[in-house]
Amino acid sequence: MLSKDIRATFLDFFQEKDHLILPSFSLIPQNDPTLLLIGAGMAPLKPYFTGEKKPPHPRVATCQKCVRTPDIERVGRTSRHATFFEMLGNFSFGDYFKEEAIFWAWELVTTAFKLPEDKLYVSIYEDDDEAFDIWHKKVGLAPDRIFRLGKADNFWEIGQGPCGPCSEIYYDLGPERGCGRPNCEVGCDCDRYMEVWNLVFTQFSCTESGDYVPLTQRNIDTGAGLERLAIILQEVNNLFEIDTVRPLLNHFSQVTDTRYGKNNANDVSLRILTEHLRGISFLIGDGILPGNEGRGYVLRRLLRRAVRHGQILGVTEPFLHKAVTLVVSEYGSFYSELVQGHEYIEKVVRLEEERFYETLEQGMKILTELMNNTGTKGILSGEAAFKLYDTYGFPIDLTKEILEEKELLLDEEGFTAALEAQRKRARSARSHTVYDSDENAYQSVRGLVSEFSGYDMLAAESQVLAVLKEGERVAEVTIKDEVEVVLAKTPFYGERGGQVGDSGQIMSATMTMDVVDTIITPDGQVIHRGVITKGVLREGDRVHATVTANKREDVCRNHTATHLLHKALRDVLGGHVNQAGSQVSRERLRFDFNHLSSLSPEQLNTVEQQVNEKIWENLSVDVTLASLDEARDMGATALFDDKYGESVRVVRVGDYSMELCGGTHVHNAGEIGLFKIVSEAGIGAGLRRIEAVTGAGAYQWFSARNQVLEQAAAQLKGSALQLPEKISGLQTENRELQRENQRLQLKLAGMEVDGLLDDVSLKSGVPVLSAHVSAGNMETLREMGDRLKNKLKSGVVVLGAIAEGKVLLVGAVTTDLVKLGYHAGKLVGEIAKLTGGGGGGRADMAQAGGKDPNQLDNALKKVDDLVQRQKK
């Protein structure tokens, strides 16, 4: 049975049992800070198990893509460990429980998958008599086929959250796969009994403190590894022989010219390449990019481990990306994101390969040298390992793996200390504002509640809850004091989500405060920063707060424009584009997004045009409140790493764009007026940044450039429309003048050459001519060298010149002396070093350069001695 048929059989079976079939969730956990990646079928469903959210149906079944990396070092070294796998699962949220779960599991494996009953065994939690009775008395399994195991084996939990006792179904692969011990049975560490299906009876929730609290509803969570079922049903020996994996193994065997099964070390490398590429492809397909932290580090670690094992097999150029097509071919029919992102996944893999290849060879040389110098202790220092990680991109796990291969150790404490020191430096550099630092400076206003009313109005009557001066809470402040104020109700938007804070005024009959900025404390209070320009402000005062309207309006234009830009980028570049950061101010907007290459002028023009078309359509901008699940069901774009509450704001621009956003926006897209991209650049690996202006900012941008064009046109005595023609004429004239200049330089050089022939030296035993000459470029200098060589008939020529503050050098050796071992390239290379440069070339003609013009004359004086050394 093919893997796709196993998957379909499982899902169809449970659909007939009234289960809702859900597609696989992303590998990126949503609103779950306890998980880095989805590593189990139930992980995305945790809120349904805890009762925190209502499930779409009380019975659900899925085939969930999963990535786990705790055993990454063992992947490849065994034929059963994997980082990527598919988990088939059926789930009950307060509906059926143990009896149905056990009966259906047995029915599926024995009737649909037709596994022979005499090959099947089960395990239960040691204290679960209820499960024993169901298996023995109702299913009819003999007691000697039911094994009671302890908590380590039969109590399921993954971090905080739902957990409970479990029962597992095992398949006997035969004594030939076992350890040979007489007492070998279910629970043995050998490979004879393969776990096929784990039935978890979720009755508890594990708290942060490790307590097990009974759930208000009992649930069922089962997991059957698709790959394990495939091994049994396809009657193969291991993961690497099943139908979806073997083509990858065969591919890598072919491209590395390595026959699988002949050499254990080579087999390890082939298995690593085969297994890792699946996880790599799925991670990138879900929007993860290689990085040095979190999920990005997991991806980079897999990629670079695979690249290194490709190198071990003799591969010297990027090759992994070429096999992505095979992953898409095997899995794309069920996981459409692979098909949609095929080209993008290939590009990410290729760029990461190229990036690592640039440093891999040098890094390996350094690591090899370090390993050779570990001495009798055999320990690599943490500082050295950190340099490999920081400078050469060696994941620390890769360094550890290489050390283990050589039976060496790593000073892990030293590495951790070096890494933490770097992080502290980074945190120190980032914490330029008090409220961004680790220490919350607003402890004195903790507990105060600031109600934000600024979505619908720019003014509000309010009361002063707190006044701070120089970070300290005070009773009152007076004229010229720089202060921070907390109001009970405020129309001022505090800086967050990339949008700058509002400015404006807070006033009473006797007091005026100019608000220059508004921020949000870590605990949610809105802080108004400004200066008292009139009277006295006291805690408890009644005040009138007014936001500067034209600034807010400009900010709204730019913020709504970022939503239009995001959608246009996804339309033009592909669905892989996701927001990676933004800044929305009055003057301009900045939008960071993941994409691997710079945008072409045509792509930028298309994006810009699409945004402006939506503006001119004057699409309505509507904001609604919804639950997070409702918003996602609506198709709203959300940022995976953002933390959302249960109620979220959905900002919809017509039928074009829909995003979760807490910022302020225009009422209609037409209010934006005009959108202009002013720059696009890379800001990091796989990250791009666009800056743009809107409304009055866009008008000012065009106006300023128009003035420049008019000034340039006036200088060229034409109109702005004639500038291309005028510039083309100037370029043609300039090229003609350059050619004439070059002709005159060569003529002068020819005259200088004739005068140099009197300075030939015979000190080295052969004619040598070295001189500091006048030449404006390398072409002229080479022409002079050629002329002198031809006139000498036999000899060595070295000429030096200074052009634009740099040293130019040319060396020439006649054919007869080349045959005697004289070499122009080696000669000018040595001279160049004396002037702070380098270079070389052929034996008969070479050129070089230097950085220090002051050393040219001294260097040329060494020519005779250097020629003498070349004499055989």
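This is a walk through two parts of the structure, a pair of helices and a sheet with a helix packed on it. Keep in mind as you look that the model is predicted.

Let's start with the helices. Find α12, which spans residues 342-372, and then α13, at residues 382-392. Their axes approach to within 10 Å and cross at roughly 170 degrees. Angles over 145 degrees count as roughly antiparallel, and α12 and α13 are therefore roughly antiparallel to each other. Which residues make the contact? On the α12 side they are Phe356, Thr359, Gln362, Gly363, Ile366, Leu367 and Leu370, and these meet Ala384, Leu388 and Tyr392 of α13. Sorted by character, the residues of this contact comprise seven nonpolar and three polar, with no charged ones.

Now move on to the sheet. Here four strands form an open sheet in the order β23-β24-β29-β28, and the pairing is antiparallel. The edges are taken by β23 (579-584) and β28 (675-684); each has a single partner strand, so one side of each is left without a neighbour in the sheet. From one strand to the next, the twist averages 15 degrees.

It is worth zooming in on the edge strand β28 and its partner. Strand β29 covers residues 687-694 and runs antiparallel to β28, with eight bridges joining the two. To find your place in this pairing, look for Lys676, which stands opposite Val693 in β29. Both strands are also touched by a helix: α17, residues 601-616, packs on the sheet against β28 and β29. The direction of α17 makes about 135 degrees with that of β28.

Key. Residues numbered from 1 in each chain as written. Predicted model: local features only at pLDDT ≥ 70, side-chain atom pairs only at ≥ 80, totals over all residues. Heavy atoms only, no water. Axes fitted to C-alpha atoms, helices over the stretch in contact; angles between N-to-C directions. Parallel < 35°, antiparallel > 145°, perpendicular 65-115°, else oblique. Contact = heavy atoms within 4.5 Å. Nonpolar A, V, L, I, M, F, W, Y, C, P; charged D, E, K, R; others polar. Pairing = 2+ DSSP bridges.
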